[in-house]
There are 2 protein chains.
Amino acid sequence: MDAQLPEPEPLKALVDALRRLPGVGVRSARRMAYHLLQNDQVGAQRLSQALASALQQLRHCQRCNNFTEDDLCATCANPRRDPSLLCVVENPADQNTLESTHGYRGLYYVLMGRLSPLEGVGPVELEFERLLKRACDGEVKEVILATNFTPEGETTAHYLTELLRARGLTVSRLARGVPAGSELEYVDAGTLAWALIERRNA
Amino acid sequence: MDAQLPEPEPLKALVDALRRLPGVGVRSARRMAYHLLQNDQVGAQRLSQALASALQQLRHCQRCNNFTEDDLCATCANPRRDPSLLCVVENPADQNTLESTHGYRGLYYVLMGRLSPLEGVGPVELEFERLLKRACDGEVKEVILATNFTPEGETTAHYLTELLRARGLTVSRLARGVPAGSELEYVDAGTLAWALIERRNA
């Protein structure tokens, strides 16, 4: 059903552009295009402009690699953050989640991805050299690895641990264990096994 | 985790604009935004431009309501199509699918939706008046209702049948039955029931 009809060129170009979004196939792309053109022209206009201004105005923070409009992001520019702690996360959403705990006053480094050899993402693509340079600025004492607890996130954490330890830094990882407020009966076995191994003095 | 951090304004605007797409929640919107900004700036540029030119260049065909760059779409402007047959479909993708059968030489009318009271889509929103005017041009003899066989599509077909019959037109619906090439054992009971009711002389 794909290219049976001579579709108007602008519609075809729009569907093709939408298909490049992660998780969007040709059917979703069509549905999105019809929806925008038929029912939400304001939204289409807004999306077009938002893309253009994001491309024009956003760059990476020179210190933490997060998106920012200035040379330094708001967090890195904040003099009240503790410069001896550096927390490494996969993406800006993870940083937001950690900030929402109000329990961390150090700085961040955003990888903008994780090691994934199958997708061709290696240490070079993630610019590990830049992270190492940042971590070895003399002020950072401890690096907290807060990548996801997925296979890729764990691999990234292991790899970074080696690199950072070799440079004399203290490296830690977020604790694994039973989620707050949960009943043991409903906790999966893998999590419980880790909680046993990493048990602490009561 | 939503708005904990002072995010850069352009990033926030982009995520908000992406959330307006059908089937995209805040997490997908974030993933899309990070992906576009980090890994596919060319794609972001292309999407921005595709949206702008689609909005600017596309309008509805005066006869069939499909998207087109001109007053009339290629199908309606084709003098070799049979003007006595009018096939009503929900959206352009359905028209493409029907065209791919190479078994229909009549014209189309694209509703750009279906009746859905829960979503506030009624006969006024779908501009049924326009379809009726189109069907009563004097040339159309038979209207083939090819809306989907979903509850909404069936409702739309029933509703249109009443309206069109009252105007003296022959109204037909796509046949329901056993899909070509399928074994009866694997056909669902509802489909089989219809195939029995609508059995034809062998």
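Which residue is the bridge partner of B:Leu86 in E5(B)? In this predicted model, that partner is B:Val143. The pairing belongs to a stretch of four bridges that ties strand E3 (residues 82–89) of chain B to strand E5 (residues 142–145) of chain B, with the two strands running in the parallel sense.

E3(B) also pairs with strand E4 (residues 106–110) of chain B, again as parallel strands, this time through five bridges. One of the residues involved is B:Val89, whose bridge partner in E4(B) is B:Val110. To get from E3(B) to E4(B), the chain goes by way of helix H5 (residues 92–99) of chain B, and the resulting β-α-β crossover is right-handed.

Now for the helices. Two packed helices are described by the angle between their axes and the distance between the axes. For helix H6 (residues 128–135) and helix H7 (residues 151–165), both of chain B, the angle comes out at about 50° and the axes lie 11 Å apart. Since angles of 35 to 65 degrees fall outside the parallel and perpendicular ranges, H6(B) and H7(B) are therefore oblique to each other. Their crossing is right-handed.

As for who touches whom, H6(B) brings B:Phe128, B:Leu131, B:Leu132 and B:Ala135 to the contact, while H7(B) answers with B:Thr156, B:Tyr159, B:Leu160, B:Leu163 and B:Leu164. Sorted by class, that makes eight nonpolar residues and one polar residue, with no charged residues in the contact of H6(B) with H7(B).

Terms used. Residues numbered from 1 in each chain as written. Chains lettered and ligands numbered in written order. Predicted model: local features only at pLDDT ≥ 70, side-chain atom pairs only at ≥ 80, totals over all residues. Heavy atoms only, no water. Pairing = 2+ DSSP bridges. Right-handed = clockwise from strand over helix to strand, strands pointing away. Axes fitted to C-alpha atoms, helices over the stretch in contact; angles between N-to-C directions. Parallel < 35°, antiparallel > 145°, perpendicular 65-115°, else oblique. Left-handed = near helix turned anticlockwise from the far one by under 90°. Contact = heavy atoms within 4.5 Å. Nonpolar A, V, L, I, M, F, W, Y, C, P; charged D, E, K, R; others polar.
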